[in-house]
Amino acid sequence: MTERPFSKPWQNSDAVLIVEDRELHVHSMILSLASPVFDSMFNGSFKEAESKRVELAGKSYDLLEHLLKIIYPNFECGLEIKTDLCGNCYPEFSNSKTTLSCIECRKNQGTRPFCGTCRSPGAEQCPKCKQYFKRSDRRRFQHLENLEKLYQLSQEYLIETLRQKIHREFVQLSQALDSTDKNYAMELLISAERLDCQEAVANCSRYVTRNTESYGIDEICSPIGNLKDLMNGKGVSSQTRIKLKGLMVEKRLSEIKEYCNNTFWNKPNNEIDRYKLNDAIKDLHIIAKDMTMFEIEDE
């Protein structure tokens, strides 16, 4: 069994973090440089400055170990815990390979990067076998949960570089959404709101409204549901709800404008166009009705 890092003294480590009754052997200088909170612990007037032993109650050992790997320069560690390998290399994570659409990529699989067509949005390259894969939904949601926990630690220990790194990760995730990701996009939006990552919130909001057919009309929507269904029961703030409704209003108004322009220029509007016009008007009435009601769900 591989020995876990920080589990015993190493390379002149001079301090110990005690988490879940287990020890993490660390270097006070490295932690002090990374965090002013640790700096106060190890170099201030606290008792830990003399004993160099700090008990961190209520913390997760695995999460603190992961935080240390991020802080230490000799560990090449990303924000995700053990999920950077494909389903072949890590079967328990259920990560799936991307489908290769061109002959050239199938022929050179594992020897060189795929083309832009085969490398679908959100795909990552496995560092072990060099094949591209996408995280399973289960792993993606766990990744968001882990990012929030890391963000809480960055706030608690005032590690600004980690906070910025997590924000960049959220922005990248929001830019890699594809057409099948509406439910995941809502969860990503909610997480980004909690972390005050406004760029990711804006990206997710645009994605959701662009890929949802209506606000409140059931019959024309995909099985995932309309925008109102997607927001229902979720911890979306009142401010973001209003933004999402505003984006849907813009979308519906553009559909009405297109119909009116066709009519003005004597272009043919068929039954489908008239059906869309009626739905757009009906949807705007639903949005207007909802916007006159108080948003109390997240109060």
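## Ground rules and overview

Helices and strands here are DSSP runs, counted from the N terminus, with at least four residues (H or I) for a helix and at least two (E) for a strand. What you're looking at is a predicted model. On that reckoning, the chain has twelve helices and six strands.

The chain runs to 299 residues, and 44% of them count as buried. Take the contacts in the chain with a separation of 6 or more: 61% of those come from residues 24 or more positions apart.

## Glu20 and Gly58

Start with the loop between strand 1 (15-19) and strand 2 (22-26), which is where Glu20 sits. Glu20 isn't a glycine, yet its phi is positive, at about 50°. As for solvent, Glu20 comes out as partly exposed, with 47% relative accessibility.

Gly58 belongs to another loop, the one between strand 3 (53-55) and helix 4 (61-71). Gly58 is exposed, and its relative accessible area is 82%. How far apart are Gly58 and Glu20 in sequence and in space? Along the sequence they are 38 residues apart, while their C-alpha atoms are 7.7 Å apart.

## Helix 8 against helix 9

Now for a helix pair: helix 8 (residues 182-194) packs on helix 9 (residues 198-210) at an angle of about 155°, and the two axes are 9 Å apart. Anything over 145 degrees counts as roughly antiparallel, so that's the label for helix 8 and helix 9. The crossing of helix 8 past helix 9 is left-handed. On the helix 8 side, the contact uses Lys182, Ala185, Met186, Leu188, Leu189, Ala192 and Glu193, and helix 9 brings Ala200, Val201, Cys204, Ser205, Tyr207 and Val208. What's the chemical make-up of this contact of helix 8 with helix 9? It's ten nonpolar residues, one polar and two charged.

The loop between helix 8 and helix 9 has something to look at too, since Asp196 is found there. Asp196 has a positive phi of about 55°, and it is not a glycine either.

## Ser174 joins in

Ser174 is part of helix 7 (residues 160-175). Is Ser174 buried or exposed? Its relative accessibility is 6%, so Ser174 counts as buried.

Set aside the neighbours within four places in sequence, and Ser174 is in contact with Leu188, Ala200, Asn203 and Cys204. Some of those names should look familiar: Leu188 of helix 8 takes part in the contact between helix 8 and helix 9, as do Ala200 and Cys204 of helix 9.

## Two cysteines, no bridge

A disulfide is a covalent bond between the sulfur atoms of two cysteines. How many disulfides does the count come to? Zero disulfides, by the distance rule used here. The rule asks for a pair of cysteine sulfur atoms within 2.5 Å. For Cys197, the closest cysteine sulfur is the one in Cys204, and at 8.8 Å that's too far for a bond. Going the other way gives the matching result: Cys204 is in no disulfide, with the sulfur of Cys197 as its nearest cysteine sulfur, 8.8 Å away.

Both residues are tucked away from solvent in the model. Cys197 is buried, at 3% relative accessibility, and Cys204 is buried too, with a relative accessible area of 0%. So Cys204 is a buried residue that contributes to the contact of helix 8 with helix 9 and also touches Ser174.

Conventions. Residues numbered from 1 in each chain as written. Predicted model: local features only at pLDDT ≥ 70, side-chain atom pairs only at ≥ 80, totals over all residues. Heavy atoms only, no water. Axes fitted to C-alpha atoms, helices over the stretch in contact; angles between N-to-C directions. Parallel < 35°, antiparallel > 145°, perpendicular 65-115°, else oblique. Left-handed = near helix turned anticlockwise from the far one by under 90°. Contact = heavy atoms within 4.5 Å. Nonpolar A, V, L, I, M, F, W, Y, C, P; charged D, E, K, R; others polar. Buried < 20%, exposed > 50% of the residue type's maximum accessible area, 1.4 Å probe, protein only.
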